[in-house]
Amino acid sequence: MALPGAEEGHYALALACVLALAQGVLPLWGAARRRRTLLELAPALCFAQLAALLLSFACLVISAVRDDFSVENVAANSALSKPLLYKITGVWGNHEGSILLWCLILAICGGAVAWFGRGLPLVLKARVLAILGAVSTGFQLFCLLTSDPFARVWPAPADGQGMNPLLQDPGLAFHPPVLYTGYVGFAVPFAFAVAALIEGRVDAAWGRWVRPWAVTAWCFLTLGIAMGSWWSYYVLGWGGYWFWDPVENASLIPWLTGTALVHSAIVVEKRDALRIWTVLLAIATFSFSLSGTFLVRSGILNSVHAFANDPARGLFILLLLALVIGGSLLLFAWRAPSLVSGGIFAPLSREGGLVLNNILLCALCAVVVTGTMYPPFMQILTGRTLSVGKPFFDATTIPLALPLMAAMAAGVLLPWKRGQMRPLLRRLRPAAALAFLGLIGGLATCTGIIPALCAAFAIWVIAGSVTDLALRLGLGRGHGMLKQRLPHLPRAVWGSAIAHIGAGVTVLGLTGMSQAQHRIVELGIGQSVHQGALDWTLTAIRQEKGPNYRATLADLTVSRNGREIAIMHPSRRDFTAQHQVTTDVAIRTNLLRDLYAALGESHGEGKAARHVLRLHVNPLAPWIWLGGVIMALGGALSLSDRRHRFGAPRKPGGQGAGRIARSPSGTADGTGRDPEGVAS
Amino acid sequence: MSTPSHDRPADRNPAREGPATNAGPDGGRRTATRRMTRKSRRLWLTLTCLICFSAATALVLNAFSSSIVFFMAPSQILARPPVPDRVIRLGGMVVAGSLRRTVEDNVPVNVFDVTDGQAAVTVRFSGILPDLFREGQSVVALGTFRPGHPFAATEVLAKHDETYMPREVAEALKRSGKWDPRFGKPPSAGSWDSMTRNEAREMTGRSAQ
C-alpha cells in the first residue's frame, strides 16, 4: 500500500478548513436559532477537523521522512544526509510547517474541549467550539492560500538544501511544539471569554471551567520559554540565556498576562469578583499570543520594510489579526457593561493580594510591550533606527518585579475576604528573617545592591510559600495534626506553593547569573589560564567526523589548586552542506554553578597553533530553568486537583450550584444553563 | 458576598460604576459607614493602579533617555560623530580583506573595516567573532566611537544566515543609494569594496582639484 503523500495532505488540509468553517458557523447559528441538533454537531465537527489535520500533518512528515524533494518545503529545509530525528522535527522548523503545526495544535485544543468538556452546558460548549472553529478557519485559510506547506517544485532537485545547523538540536526540536501549545492553549480561555460575552453571563462556574485551560496553557508556555532560554544558553555559545529580542519578548508578554489570568480566574471562581477583568485578560492573552507568533516569527515586522518577501502574506495576517483581536475587543466593549459585576473586597485579603499581583503583572507587561514596540514604531514615524536592549529592560522590569515578589509571599499567607495586619506580620516573621539573611549573604557575595535585593526577595517568596504549606499542615502542632491534615490538603494548594517556589528559584538563578564571570583567551596546546579561582588548561585539539559535519574538539582540563575537577570538550562543527560553522558548548554543572566553555577559531599551524576559548563561571545558572520546570510542575499538580478537573460539575443541582447560589446577581445559577431550555 | 460592586482593578470609566454599585440584594440596606469603607476600598484600588502605572511610566521614560541605542551607518558616524561613551550600533558590510587578528595579553583582538558603500569605519573588537561573521557580509557592532580612534565594539552580531541582512543595514545601504532591495539581491562583496574605493578616489580627487 502506498503511503499518503503531499497531495493527500493538501486535500486533507482543505477538508479540515471546510470542516472548521462548518464548526465555526453551524453551532453559533444553532445557538441563536435554538436548534439542538446543530449544537450537538459541534463536537463531531471538531473531531472530524482534528482527524483531517492529523492526516495532513502526517502526510507532511511522511514527505519529509521519505525525502520527497518535489515538495518545495522539504527541498528547502531537508537533505538526504540529515538524521531522521531532524527530518521529522524539521517539519516545524520553518514557516509553512510551523503554521500547519499551529493549526494542528489549535484543533487538538478544540478536540480536548469537546472531549473533556462533556459536563459543560450544551450551549456554552457549542459556542466555545464554534469560536475555536472560526479561529481555525482563518489560520487554515492563511496556511492554504499564502503559505502552502505542500507546494510542489518542478523539476524536483536531487537533494535538499538542508536545515540551519543551529536548529539541529534535540532541545530545539521539541521547543516549538511545547511553546506553540502554550500560545495556542490560550485560545481556549479566549473562546470561553468570547462565548461568555455572547451569552452575556460570567459567573463563578465560568471561572471554574476556564481555569484548568488557562493553567494548562500557562504550564506549556512556561516550559516552552524555559526550553527556548536553555537552548540559547547552550547552543548559541554566547553565555547568555535571554537577549530581550522581539521573538523572546513575544513569548514573555503573553506569559505575563497569562500569569495574571491564572490568578484572576481564582478570584472569579472563589469570590465571584474580577469577572469583567478576567474576560479582558483572557482576550488580551490570546491576542498577544497571536501577534507574538505571527507578527514576529513570520518576519512580518521585518518584511514591512526592506524584505517584503510576500506582501500578500503580511496583508493576510494583519487582516486576520485585526479580525480576531479587533472583533473580540469590540464585542467586549459592547457586552462587558451589561455583565453584572461581583463583590468588592478589602485591600488586606487574599483577593486584594491577587489584584495587586494582576496590576503589577500588567504594568510589567506594559513595560515589555513598550520596549518591544517602541523601536519599530519610531522607525515608521521618524525613520531613525534605534533599539532598546538589556539596560532598558533591566532598569524597568526589576523595580516592578521586586514589589511583585514582595506581594507574592504576603498574598499566600492572607485569608480570603478580610485579613488583619498583625497575624499576617506574625506569619511573615520567619520569611522576613530568612530574607534578611539572604540580603546579608547577597551583599557579601554579589557586586551591587540590586542583585542582593533580588536574592533576598526570592528567598522571601520561597520562605513565604513554605510557611503557607507549614501552617496549612499544622507543622509544629504535633504529629497527629500533620497526620490528619496531610492527606486532605488539596493538590491545588501544593501546586500553587510549588509554582511560587519555582518562581523564587528562577529569580535566584537570574541573580546568580548576573554575577557570572567570563573571559576570552587565546591559548596554545599545553597553556593554561586562571579564571574564577580555577585553572583551565588546553591539553589537546582533535578532529572528529559526525553524520553531516566535521568537528574540532578541544580537551580542556579544569583544576582547582592542582586537583583536577573536570575535563571539558568544547567543539566547533563545520556543516559542509551549508558552509556553516556552529559552536558546541561544553557545560559542566554541579547545580550550584556552571563551568561553560566555548571553542572559537584557531590560528596558526602545527605547534604554534593557538585556539580562542571563551570561559565562563556561571553561579546558579541551572536554577533559571529548574525554576521554570518547578513552576510548570506546580501548575500540573494543581490541574490534577479533583476540584479542577476539566469540565463542569456533573450534576447541575449539586455542589456547584450550591456555591453559585450565594452570588449576589442571582442570575448565576447552574440550572440556567440547562440545555433543555434550548431544545424546547 | 455582602458588598457587591464593580470588579475591575483599573476602573477608569466612572460611567460604568452606576449600575454596578446599585446591583445586589443588599443595595438598600447599606449603612453610611459601610459606604465609607466601600468608597475607601475603591479609592485604594484606584490609587494602587495609579501608583503602579505611573511608576511604570516613569521607569520607561527614564530608561528611554539613558539606554536607547541608535543605529548609524559608517558615513553617518563619520559625518556626525556621536557623544563619546554613548553606545551606538554600527552596521554595514565587512570590507573583504580588512580583517586583522592579534593577541594582546592572551586575549584575541579583531580589527576590521565596515562600509556602507560611501565610507568605511575601522572596528576593534576583542573577543570571539560570531560563527556567521564573514568578510563581505553584513554585520552589526555595538560599542562607542571617538573620532580619530577605531570604533570600540563590545559586541558583534552576525547571527543571520548568508542570504539575510539585518534590516537596519539594508536600510542604511538603501539610503546611501548603493542598493535598493526592490532591484534584487545585494551586490557581491567585491563590488562593495570597489564602490568604497571609487568613492574614496572621487573624494580625494575632488579635494585635490
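In the next few minutes I will go through some features of a predicted model, beginning with chain A and ending with chain B.

Let me start with how chain A is divided. The domain assignment gives domain 1 as residues 1–163, domain 2 as residues 392–511 and domain 3 as residues 517–623. If we take the centres over C-alpha atoms, domain 2 and domain 3 of chain A are separated by 39 Å.

Now to the helices of chain A. Two packed helices are described by the angle between their axes and the distance between the axes, and I will use that description for three pairs.

The pair I take up now is helix 9, residues 204–235, with helix 10, residues 246–271, whose axes come within 8 Å and cross at roughly 155 degrees. An angle over 145 degrees counts as roughly antiparallel, and therefore helix 9 and helix 10 of chain A are described in that way. Their crossing is left-handed, and the residues in their contact comprise 17 nonpolar, 7 polar and 3 charged ones.

Next come helix 14, residues 350–382, and helix 15, residues 390–412, with axes that come within 9 Å and a crossing of roughly 170 degrees, so that helix 14 and helix 15 of chain A are again roughly antiparallel. The residues that make this contact include A:Leu356, A:Leu360 and A:Leu364 from helix 14, and A:Phe392, A:Phe393 and A:Leu400 from helix 15. By class, there are 15 nonpolar, 6 polar and 1 charged residues in the contact.

Then we have helix 16, residues 421–445, and helix 17, residues 449–473, which pack at an angle of about 155 degrees with their axes 8 Å apart, and therefore helix 16 and helix 17 of chain A are also roughly antiparallel. The crossing here is right-handed. Among the residues in contact are A:Leu434, A:Gly438 and A:Gly442 of helix 16, together with A:Phe457, A:Trp460 and A:Ala463 of helix 17; sorted by class, this contact has 17 nonpolar, 4 polar and 1 charged residues.

Let me turn from helices to single residues in the loops of chain A. The peptide bond from A:Trp154 to A:Pro155 is cis, with omega near -5 degrees, and A:Pro155 sits in the loop between helix 6 and helix 7. A:Leu274, in the loop between helix 10 and helix 11, has a phi near 60 degrees, which is a positive value in a residue other than glycine. Is A:Leu274 buried or exposed? With 30 other C-beta atoms within 10 Å, A:Leu274 is buried.

A:Glu605, by contrast, is exposed, with 7 other C-beta atoms within 10 Å, and it is found in the loop between strand 10 and strand 11 of chain A. From A:Glu605 to A:Leu144 there are 461 residues along the chain, and their C-alpha atoms are separated by 54 Å.

Finally, chain B. Its secondary structure comes to 5 helices and 7 strands, and the order along the sequence is α-α-β-α-β-β-β-β-β-β-α-α. Of the 209 residues in chain B, 37% are buried, and when we consider contacts between residues at least 6 apart in sequence, 59% of them join residues at least 24 apart. One residue to look at is B:Asp85, in the loop between helix 3 and strand 2: its phi is positive, about 75 degrees, although it is not a glycine, and with 8 C-beta neighbours inside 10 Å, B:Asp85 counts as exposed.

Notes
Residues are numbered from 1 along each chain as its sequence is written. Chains are lettered from A and ligands numbered from 1 in the order in which they are written. This is a predicted model: local features need pLDDT of at least 70, side-chain atom pairs count only at pLDDT 80 or more; totals for chains, interfaces and linings use all residues. Domain bounds come from an automatic or database domain assignment. Helices (H or I, at least four residues) and strands (E, at least two) are DSSP runs, numbered from the N terminus. A residue is buried if 20 or more other C-beta atoms lie within 10 Å of its own, exposed if 12 or fewer, and partly exposed in between; C-beta atoms are placed from the backbone. Two residues are in contact if their C-beta atoms, placed from the backbone, lie within 7 Å. Axes are lines fitted to C-alpha atoms, for helices over the stretch in contact, and angles run from 0 to 180 degrees between N-to-C directions. Angles under 35 degrees count as roughly parallel, over 145 as roughly antiparallel, 65 to 115 as roughly perpendicular and the rest as oblique. A crossing is left-handed if the near helix is turned anticlockwise from the far one by less than a right angle, and right-handed if clockwise. Ala, Val, Leu, Ile, Met, Phe, Trp, Tyr, Cys and Pro count as nonpolar, Asp, Glu, Lys and Arg as charged, and the others, Gly among them, as polar.
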